[in-house]
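These are my notebook entries on one helix and on the enclosed space in this model.

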Amino acid sequence: MIETLRTHLSISKREAYALAVSHLQKMNLPRAEELMNSYPHTLSGGMLQRVMIAIALMMSPDLIIADEATTALDISTQGIVLREFRKIRTAGISMLVVSHDFGVVTRLAAKIIVMKAGEIIEHGTTRNILLNPEQAYTKELINAGMLKKGRVIEC
């Protein structure tokens, strides 16, 4: 984290350390200062995801691309990461979320684009796509249990 900051910003090692710790704390990671001296293999999957989010946010991006960011996580860790993503969205940073999981999509997306074989087949607001899908493929995804009927969350 320090190396990333110092590569892109003209700051001292001490300033980079403080900024890195601050971003880890924003991700609700316990003992952020201890984490700075930890090896990745000693962290849980959810902690690693939040560290990666912190690294991305340190650079003040306009856009974050989250490609299947919660797929390998258990349900409780997934919830923590999704809360952090919602915070990012409310901070005015745009997010492109790539996911096959409509449960994740309903928690994050204002708009949905459904793709099949690399082609866009349907797009619209999350609410409209999930409540009124037009394409058979979209209906199949929803009916396959990717989303429980009636479980649409307002975005």
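I compared the length of helix H4 (residues 45-58) with expectation: at 1.5 Å a residue its 14 residues should span 20 Å, and its end C-alpha atoms are 20 Å apart, which agrees. The expected span is 1.5 Å times one less than the number of residues. Helices (H or I, at least four residues) and strands (E, at least two) are DSSP runs, numbered from the N terminus.

I noted that the model is predicted, with local features needing pLDDT of at least 70 and side-chain atom pairs pLDDT 80 or more, while totals for chains, interfaces and linings use all residues. Residues are numbered from 1 along each chain as its sequence is written, and side-chain values use heavy atoms, without hydrogens and water.

I looked up which residues of H4 are buried (under 20% relative accessible area, 1.4 Å probe, protein chains only). They are Gly-46, Met-47, Arg-50, Val-51, Ile-53, Ala-54, Leu-57 and Met-58. They lie on the same side of H4, because their arc around the axis is only 160 degrees, taken from the directions from the helix axis to the C-beta atoms. Their cover includes helices H1 (2-8), H2 (13-26), H3 (32-35) and H5 (75-90), and strand E1 (63-67), by contact (heavy atoms within 4.5 Å). Just after H4, I found Ser-60 with a positive phi of about 50 degrees.

I then asked which residues line the largest cavity. Its lining consists of Ala-66, Glu-68, Ala-69, Thr-70, Phe-85, Val-97, Val-98, Ser-99, Val-104 and Leu-108. A cavity is a set of points on a 1 Å grid over the protein atoms alone where a 1.4 Å probe fits but cannot get out, and lining residues have an atom within 4 Å of a point.

How values were computed: 1 Å grid on protein atoms, 1.4 Å probe; cavity = no way out; pocket = protein on both sides within 12 Å on 5 of 7 lines; lining within 4 Å. Buried < 20%, exposed > 50% of the residue type's maximum accessible area, 1.4 Å probe, protein only.
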